[in-house]
Amino acid sequence: METCSLFVLQAILVFCCSLSTVRSEVFTALADLEDLLETESLLISTLEHYIKAEEEKLNYLKRYAAIYKKQYNKAAEDVQLYVANPINAYTLVKRLTTDWKEVENLISTDVNSDYLANITYIKENMKFPTEEDLNGAAVALTRLQDTYRLDTSSLARGELNGIKYSSELSAADCFELGRQSYNNGDYYHTQLWMREADSRLKRETNVTVDRSDILEYLAFSTYKQGNLALALDLTNKLLEIFPAHPRAVGNKEYYEDELQKGVTDKRKGDDGAAVADTDPSKADPYGREFYEQLCRGEISLPEVEKARLKCRYWNKNHPFLLLAPFKVEEAHHRPDIFIFHDVLADSEIATIKRLAQPRFRRATVQNTDTGELETAHYRISKSAWLKEEEHKYIADVTRRVSDMTGLTMSTAEELQVVNYGIGGHYEPHFDFARKEETNAFKALGTGNRIATVLFYMSDVAQGGATVFPAISVALWPKKGAAAFWHNLHPSGDGDRLTRHAACPVLTGSKWVSNKWIHERGQEFLRPCTSNRPPDYLVA
């Protein structure tokens, strides 16, 4: 048993020494979630060795018990004859002294402590999810549910847009999703997932959650959604199961009183208007539904505009590009958005990922008032920054961006590498600093972000598009491609039409890298003009 425990601890030590053990917000990057499988593998190994040790201990005890029982049954046939035999007398005394001490030692052996120490070590030194990660993962699922209009039952069956990717959720899994929504004050999704939990519980052979717990959350969330009669009905069902439930008894009285008041108020002239629908998809601010339609691929450019877009080879009279021109696809005119195909090699992508991953930190946004960087719920990803001098490939990519854009990289930001998390997204935003954001990029001293180059470093099975709601454009990730657009008008004003978003990743792992190019040094490469665009095109 000691050998098993030592083996597991040695395995953990060897593995942990090979890891960079940063423990933070694993739900914000799928690359970190991949490491969780290594954590789970060691936990399984620890658990299996613990079970084996306990089984060995029980087998020893069973062996002693069998010996004791055999000798006792033999003695019970004729006690006097049995003890009269000096050998039997000796073995009887031995069994109850030396042998019994062995039994007591086995019973008192604490097999748990070594394995609990191993588990503690794993949790402290390897990537391990927290309650924040659980909540983040649950919120991500409900975000995907809303954005892509996924049916709750289909999700619970492991289906995403009709394709089955995983095993089904248990009633307990659905209950936990509902509980997390409840903790976030999201009673709409609490109802959806508690109903699904109740439905699945009825079909479970091995019950995974108490129905009374489901009904309690379901009843209160139904009340919070404004349906008092149904909340009362659910509470009554809860009391049938658990008559003395302390909260249910009080809630029942409250719901009955409120319903009675409602009847009285209606008699006084209430028009009986329906309770407002709090479905989040209907309560979203202006523009969100359009953004989500783009993410679902339900909206695209009119055919007349598509017909004007061209594909071409682009060499810009550059000596090297005359031999190997860029393959360029026009995605939109005014603002001009271009897609450069096959501009990142697989070897470059692999190296960039390898350099970035150990430095990943939760992606941030700039506070418009203070200019400080901070995390935000509307940007779920992790990022790292790479300098040109760190590797030849980083320098090559920077020179390539200059060739693609015709702009200098002397004032450009470092290459930002991003991996999106569960349902990873970045809601509609501008890359440039708007007029009121006076503190943005102030410390850099290089002016505003004049242009963006966005490299796609992975294909994405479903979701993950880059969308521009104001112009009905959606760019779908294609490994090795890059999108390019100017953020500023030639006058230096921000282009309102470049507001864009990263749609939630439905399935797959989305890797991108950005090169943000600044104004300083572009004076002769992209000359300014004094002609300002109309106010409705300026942000």
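These questions and answers walk through a predicted model.

Me: Which residues does the UniProt annotation "domain: Fe2OG dioxygenase" cover?
Reply: The annotation comes from an unreviewed UniProt entry. Within the span it marks, strand makes up 41% and helix 0%. The end C-alpha atoms of that span lie 8 Å apart. The annotation covers residues 411-519.

Me: Which two cysteines does the disulfide join?
Reply: The structure holds one disulfide. Its two sulfur atoms are 2.0 Å apart, and a pair within 2.5 Å counts as a disulfide. The joined residues are cysteine 295 and cysteine 503.

Me: How many residues apart in sequence are the parts that cysteine 295 and cysteine 503 tie together?
Reply: Start with the place of each partner. Cysteine 295 lies in helix 14, residues 288-295. Cysteine 503 sits in the loop between strand 17 (500-502) and strand 18 (505-507), so the pair ties together parts whose separation in sequence is 208 residues.

Me: Is the link of cysteine 295 and cysteine 503 left-handed or right-handed?
Reply: Look at the angle about the S-S bond. It is -85 degrees for this pair. The link is left-handed.

Me: Is cysteine 503 buried or exposed?
Reply: Buried means under 20% relative accessible area. Its partner, cysteine 295, has 2% and counts as buried. Cysteine 503 has 0%, so cysteine 503 counts as buried.

Me: Is cysteine 528 buried or exposed?
Reply: Take cysteine 174 beforehand: its relative accessible area is 0%, so cysteine 174 is buried. Exposed means over 50%. Cysteine 528 has 61% relative accessibility, so it counts as exposed.

Me: Which residues are closest to the centre of the largest cavity?
Reply: The structure holds one cavity of 30 Å³ or more. About 190 Å³ of space lies in the largest cavity. Its lining has 18 residues, and the closest to the centre are Tyr420, His429, Leu454, His500 and Asn514.

Me: Which strands each supply at least two residues of the lining of the largest cavity?
Reply: By class, this lining has nine nonpolar, six polar and three charged residues. Several strands contribute at least two residues each. They are strand 10 (415-420), strand 11 (426-429), strand 12 (449-456), strand 17 and strand 19 (511-518).

Me: Which residues does glutamine 191 touch, not counting residues up to four places away in sequence?
Reply: Glutamine 191 lies in helix 9, residues 187-201. Its relative accessible area is 7%, so glutamine 191 is buried. With residues up to four places away left out, glutamine 191 touches Leu218, Ser221, Thr222 and Gln225.

Me: Which two residues does a cis peptide bond join?
Reply: Most peptide bonds are trans. Here one bond has an omega of about 5 degrees and is cis. Its proline is in the loop between strand 4 (326-332) and strand 5 (337-341). The bond joins arginine 334 and proline 335.

Me: Is asparagine 317 buried or exposed?
Reply: Asparagine 317 lies in the loop between strand 3 (311-314) and helix 16 (319-323). It has a positive phi of about 60 degrees although it is not a glycine. Its relative accessible area is 67%, so asparagine 317 is exposed.

Me: Is phenylalanine 441 buried or exposed?
Reply: Phenylalanine 441 has a positive phi of about 60 degrees, yet it is not a glycine. It lies in the loop between strand 11 and strand 12. Its relative accessible area is 14%, so phenylalanine 441 is buried.

Technical notes
Residues are numbered from 1 along each chain as its sequence is written. This is a predicted model: local features need pLDDT of at least 70, side-chain atom pairs count only at pLDDT 80 or more; totals for chains, interfaces and linings use all residues. Side-chain values use heavy atoms; hydrogens and water are left out. UniProt positions are given in the numbering used here, feature names are shortened, and annotations may be inferred rather than shown by experiment. Helices (H or I, at least four residues) and strands (E, at least two) are DSSP runs, numbered from the N terminus. Buried means under 20% relative accessible area, exposed over 50%, partly exposed in between (1.4 Å probe, protein chains only). On a 1 Å grid over the protein atoms alone, a cavity is a set of points where a 1.4 Å probe fits but cannot get out, and a pocket is an open set with protein on both sides within 12 Å along at least five of seven lines; lining residues have an atom within 4 Å of a point. Grid points are joined across faces, edges and corners, and a volume is the space filled by probe spheres set on the points. Ala, Val, Leu, Ile, Met, Phe, Trp, Tyr, Cys and Pro count as nonpolar, Asp, Glu, Lys and Arg as charged, and the others, Gly among them, as polar. Contact means heavy atoms within 4.5 Å.
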